[in-house]
Amino acid sequence: MGNLPDAYKLASKFANSQLVPKHLQGKPDDCFIALLMAEQLGCNAIMVMQNIVIVSGTAGWKATFVIGLANERGPFDGPLEFRTEGKGDSLAVTAYGKVRKTGRVVERTVTMAMAKAAKWTSNAKYSEMPEQMLSYRAACFLVRLYCPEVLLGLQSEHEL
């Protein structure tokens, strides 16, 4: 970031705006760090601020942002894809992609049994939209393993 004092002034403007999430409003230091992250990612600052989450004091990314970055910048030839099998307690979702450099298809599967064992199902969304929630988890696991650089080392909100 070229001029740090100017960047901090910009961060202060963001912190005073209602267009940033509540957890960034009134926090110019957090907005400044988000600006640095946006620069590192090569992303629009507003997009980064809208997709960063704080869970128990730890920053992470929304799953949709993780998937979007992987689709745009990951090692995959085309977007991540999903395969769903089973229903109810036997529901399983696999996220997969074809690695551009090798042509190898890589995948990660998440099951409802895993969700229950890890107590992820305490989140009501697992009852309301289980396939979607398992899809998010599977995709984030795949990205964490095959292109962690797109996350700047942060976890997804579901991992937090």
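This section describes the cysteines, the aromatic pairs and one charge placed over a ring in a predicted model.

The structure contains zero disulfides. A disulfide requires two cysteine sulfur atoms within 2.5 Å, and the positions of two cysteines illustrate why this condition is not met. For C31, the closest cysteine sulfur belongs to C43 and lies 16 Å away, which is too far for a bond. For C140, the closest cysteine sulfur is that of C147, and the separation of 10 Å is likewise too far for a bond. Both C31 and C140 are also shielded at the level of the residue: C31 is buried, with a relative accessible area of 0%, and C140 is buried as well, with a relative accessible area of 2%.

Aromatic rings were examined next. The count comes to three aromatic pairs. One of these is formed by W61 and F65, whose ring centres lie 4.8 Å apart. The angle between the two planes is 40°. Planes under 30 degrees apart count as stacked and those over 60 as edge-to-face, so an angle between these limits is classed as tilted; the pair of W61 and F65 is accordingly tilted. Both partners are buried: W61 has a relative accessible area of 0%, while F65 has a relative accessibility of 6%. These values fall under the 20% limit that defines a buried residue.

A further aromatic residue, W120, takes part in a contact with a charged side chain. R137 lies over the face of W120, at 3.7 Å from the ring centre.

Definitions and conventions
Residues numbered from 1 in each chain as written. Predicted model: local features only at pLDDT ≥ 70, side-chain atom pairs only at ≥ 80, totals over all residues. Heavy atoms only, no water. Buried < 20%, exposed > 50% of the residue type's maximum accessible area, 1.4 Å probe, protein only. Phe/Tyr/Trp six-rings, centres within 6.5 Å; stacked < 30°, edge-to-face > 60°. Lys NZ or Arg CZ within 6 Å of the ring centre and 35° of its normal.
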